[in-house]
Amino acid sequence: GAFYMAVAFNEGLLNNRQSIPIGNAEVKEFVEGLVSQPGVSPDKRFVYYMLAATGICTVPLSSFCTPLQGFRVTLLEKDEDECRRVYATLAEKIDEYLHS
């Protein structure tokens with residue numbers, strides 16, 4: 001089975017100045033180029049940083065034709081320890097991103 005979860009941020013919580021440190025300079029440059037394009041939604045910016053910083057792939061909620069800003073995650077992992085690691089990392093990085 002799979003586990004699907006959608007997370008919506010409170011309105012106004014995401015902005016175009018937030019980030020998460022990205023360890024790979026080449027990836028960082030690529031992501032910063034993507035998110036600096038006109039019209040990039042704040043939740044899309046968030047998922048690019050999440051992927052580049054952690055390797056965790058999420059999808060922006062705005063991609064689902066909704067005004068909500070957030071992300072959807074699908075986890076197909078069978079290993080409970082790995083599930084815990086992924087969700088703990090998500091929680092940590094969400095907090096880091098929102099306070100950046």
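User: Where does Thr58 lie?
Analyst: We're looking at a predicted model here. Go past the end of H2 and stop before strand S2 (59-60): Thr58 lies in the loop between H2 and S2.

User: Is Thr58 buried or exposed?
Analyst: Residues under 20% relative accessible area count as buried. Thr58 has a relative accessibility of 7%, so the verdict is buried.

User: Which residues is Thr58 in contact with, leaving aside its neighbours within four places in sequence?
Analyst: Skip those sequence neighbours and five names are left, with Leu90 one of them. Leu90 also turns up in H3's contact with H2. The full set for Thr58 is Val47, Phe71, Arg72, Val73 and Leu90.

User: How are H1 and H2 oriented to each other?
Analyst: Helix H1 (residues 25-35) packs on H2 with the axes 10 Å apart and an angle of about 175°. Angles over 145 degrees count as roughly antiparallel. So H1 and H2 are roughly antiparallel.

User: How many nonpolar residues are there in the contact of H1 with H2?
Analyst: On the H1 side you've got Val27, Val31, Glu32, Leu34 and Val35, and they meet Arg45, Tyr48, Tyr49 and Ala52 in H2. That contact has no polar residues and two charged ones, and the nonpolar count is seven.

User: What about H2 and H3, how do they sit relative to each other?
Analyst: The axes of H2 (residues 42-54) and H3 (residues 80-98) come within 11 Å and cross at roughly 125°. That angle is outside the 65 to 115 range for roughly perpendicular and isn't over 145, the cut-off for roughly antiparallel. The crossing is right-handed. H2 and H3 are therefore oblique.

User: Which residues in H3 meet H2?
Analyst: From H2, the residues involved are Pro42, Arg45, Phe46, Tyr49, Met50 and Thr54. The residues of this contact divide into seven nonpolar, two polar and two charged. On the H3 side, the names are Thr89, Leu90, Lys93, Ile94 and Tyr97.

User: What kind of aromatic pair do Phe46 and Tyr97 form?
Analyst: Both Phe46 and Tyr97 are buried. Their rings are 5.1 Å centre to centre, with 80° between the planes. Planes over 60 degrees apart count as edge-to-face, and the pair is indeed edge-to-face.

User: How far apart in sequence are the parts that this pair ties together?
Analyst: Phe46 lies in helix H2 and Tyr97 in helix H3, so the pair links parts separated by 51 residues.

User: Which residues form the aromatic cluster?
Analyst: The whole structure has five aromatic pairs. Phe46 and Tyr97 belong to one cluster, and its full membership is Phe9, Phe46, Tyr49, Phe71 and Tyr97.

Notes: Residues are numbered from 1 along each chain as its sequence is written. This is a predicted model: local features need pLDDT of at least 70, side-chain atom pairs count only at pLDDT 80 or more; totals for chains, interfaces and linings use all residues. Side-chain values use heavy atoms; hydrogens and water are left out. Axes are lines fitted to C-alpha atoms, for helices over the stretch in contact, and angles run from 0 to 180 degrees between N-to-C directions. Helices (H or I, at least four residues) and strands (E, at least two) are DSSP runs, numbered from the N terminus. Angles under 35 degrees count as roughly parallel, over 145 as roughly antiparallel, 65 to 115 as roughly perpendicular and the rest as oblique. A crossing is left-handed if the near helix is turned anticlockwise from the far one by less than a right angle, and right-handed if clockwise. Contact means heavy atoms within 4.5 Å. Ala, Val, Leu, Ile, Met, Phe, Trp, Tyr, Cys and Pro count as nonpolar, Asp, Glu, Lys and Arg as charged, and the others, Gly among them, as polar. Rings of Phe, Tyr and Trp (its six-membered ring) pair if their centres lie within 6.5 Å; planes under 30 degrees apart count as stacked, over 60 as edge-to-face and the rest as tilted. Buried means under 20% relative accessible area, exposed over 50%, partly exposed in between (1.4 Å probe, protein chains only).
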